[in-house]
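Please open the model in your viewer and keep the sequence panel beside it, since this tour moves from one selection to the next. Take your time at each stop before going on.

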Amino acid sequence: MAVAVQFSCFKRKRGAFLVVFMLVYLWGSLISLSCAARLSVSRQKLEVEKHLKRVNKPPIKSIESIDGDIIDCIHISQQPAFDHPFLKDHKIQMRPSYHPEGLYDEEKMSARSKESTNPITQLWHMNGRCPEDTIPVRRTKKDDILRASSVKKYGKKKPKAIAKPRSTDPDLTNESGHQHAIAYVEGDRYYGAKATINVWEPKVQQSNEFSLSQLWILGGSFGQDLNSIEAGWQVSPDLYGDNNTRLFTYWTSDAYQATGCYNLLCSGFIQVSSAIAMGASISPVSALRNSQYDISILIWKDPKEGHWWMQFGNDYVLGYWPSFLFSYLAESASMIEWGGEVVNSQPDGKHTATQMGSGRFPEEGFGKSSYFRNIQVVDSSNNLKSPKDLGTFTEQSNCYDVQTGSNEDWGHHFYYGGPGRNPNCQ
């Protein structure tokens, strides 16, 4: 009997010991997890602060925009481009050696466009301008970086985001969730491109989606060696934290893998203009059956120095991408694309309702549908020419479409865009 009681007590003690052991183990695990989490947060915080210090250069002057942006006026020699090891001793070229011949006279381009009487500006201009010898840089905030999936991916497009016109496999063309409605030329050597782009503020359904309208200067294959220079306007809640329409640029020399970024968020593009800020809000924008507003963008390769220059409107030469950034584009481009792009993340398993352009289909025409007009390419003699054999491409024309045309006022042009999800696009 005594032995049985002792055995029973031993079992109870053993059971209690195991419970205590398990509680201590679990408590220890929780402390370890908590410490690991705190360490991870602390590491991320340090990483974010380090990145902010790297991209936000000390300003000579700062201007607070009415949309919440802070525009820092950075001395031209202190801009992010010069973080690049190959640009340490680079002498800034303040103006291109040559402009392309045959630029359209903007005032004669179209009686229908309000561009010449209602010039587009940027919202931050309402509160000031940057002085000479400085460039305006949109200040990167902590929240901007935290919205990205990682510090490394902040300010970058996802790989395979490019429109590949001749691909007929819908899974291949849309494997990244990007959809397009574009016009394009290929089969020659191109040294630049120009377009006047109608500006809207399309609705973006999910914060991880965007809607943009741009031109692409492309070189190389559509594999991992793709070179691309891009510019236009975009609405991107993830990148900017709002739904404003903003001027943007992008570049990559390896199909969006490791090189390149939006605007001035990495070293590469050298800005020379003190008037226009990359990534800043454009104002005003077009409205349905109301005033229409356009921006003109020209990108061309300087035949003397070889750099790729960008001009905004008639008056603002913004800066250049040094030719050494690229492999194929160091010589010339093999394809030019103009048009719209959206991200379709398929929320709720259905096609996104993110709009492209004005959110209306091309057939609705002027005042309702968005357009690109006076599209041109730069040839080997540095002349602006009408594009030959202009093709079009869209992955799903019942979601977003494109229709080309040509006339005396608008030259080669097209209407493009759409609403995304609709009864014929699910």
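The tour visits a sheet, then the disulfides, and then a cavity.

Before selecting anything, bear in mind that this is a predicted model.

**First stop: a sheet**

Begin by selecting residues 61-64, which are strand 1, together with residues 134-138, which are strand 4. Then add strand 2, residues 70-75, and you will have the three strands of an open sheet, which run in the order 1-2-4 and pair in the antiparallel sense. Strands 1 and 4 stand at the edges and each has a single partner strand, so one side of each is left without a neighbour in the sheet. If you turn the view, you can look for the angle between neighbouring strands of this sheet, which is 25 degrees on average when direction is ignored.

What holds such strands to one another in general? Strands of a sheet pair through backbone hydrogen bonds, and the pairing may be parallel or antiparallel. Here, strand 1 and strand 2 are joined in the antiparallel sense over four bridges. To look at one residue pair, select Ser-62 and then Asp-72, its bridge partner in strand 2.

**Second stop: from the sheet to a disulfide**

Stay with strand 2 and select Cys-73, then add Cys-130, which lies in the loop between strand 3 (121-122) and strand 4. A disulfide joins Cys-73 to Cys-130, with 2.1 Å from S to S, and the two cysteines are 57 residues apart, so that the pair links distant parts of the chain. The torsion about this S-S bond is about -80 degrees, so the disulfide of Cys-73 and Cys-130 is left-handed.

Are these two cysteines buried or exposed? Cys-73 is buried, with a relative accessible area of 0%, and Cys-130 also counts as buried, at 9% relative accessibility.

**Third stop: the other disulfides**

How many disulfides does the structure hold? It holds three, and when the bonded cysteines are numbered in sequence order the pairing is 1-2, 3-4, 5-6.

Select Cys-261 and Cys-266 next, whose sulfur atoms are 2.1 Å apart in a disulfide. The torsion about their S-S bond is about -85 degrees, so this disulfide is left-handed, and Cys-261 counts as buried at 1% relative accessibility.

Move on to Cys-399 and Cys-425, which form a disulfide with their sulfur atoms 2.0 Å apart. With 100 degrees about the S-S bond, the link of Cys-399 and Cys-425 is right-handed. This pair links distant parts of the chain, 26 residues apart, with Cys-399 in the loop between strand 19 (391-394) and strand 20 (401-407) and Cys-425 in the segment after strand 21 (411-417). Cys-399 counts as buried at 0% relative accessibility, and Cys-425 counts as buried at 2%.

**Last stop: a cavity**

The structure holds one cavity of 30 Å³ or more, and the largest cavity has a volume of about 120 Å³. To find the place, select Arg-138, Thr-140, Asn-263, Leu-265 and Met-278, which lie nearest its centre among the 14 residues of its lining. Strand 4, which you met at the edge of the sheet, supplies at least two residues of this lining, as does helix 5 (237-240). What classes of residue make up the lining of the largest cavity? By class, the lining has nine nonpolar, four polar and one charged residues.

Terms used. Residues are numbered from 1 along each chain as its sequence is written. This is a predicted model: local features need pLDDT of at least 70, side-chain atom pairs count only at pLDDT 80 or more; totals for chains, interfaces and linings use all residues. Side-chain values use heavy atoms; hydrogens and water are left out. Two strands pair if DSSP finds at least two bridges between them. Axes are lines fitted to C-alpha atoms, for helices over the stretch in contact, and angles run from 0 to 180 degrees between N-to-C directions. On a 1 Å grid over the protein atoms alone, a cavity is a set of points where a 1.4 Å probe fits but cannot get out, and a pocket is an open set with protein on both sides within 12 Å along at least five of seven lines; lining residues have an atom within 4 Å of a point. Grid points are joined across faces, edges and corners, and a volume is the space filled by probe spheres set on the points. Ala, Val, Leu, Ile, Met, Phe, Trp, Tyr, Cys and Pro count as nonpolar, Asp, Glu, Lys and Arg as charged, and the others, Gly among them, as polar. A disulfide is a pair of cysteine sulfur atoms within 2.5 Å. Buried means under 20% relative accessible area, exposed over 50%, partly exposed in between (1.4 Å probe, protein chains only).
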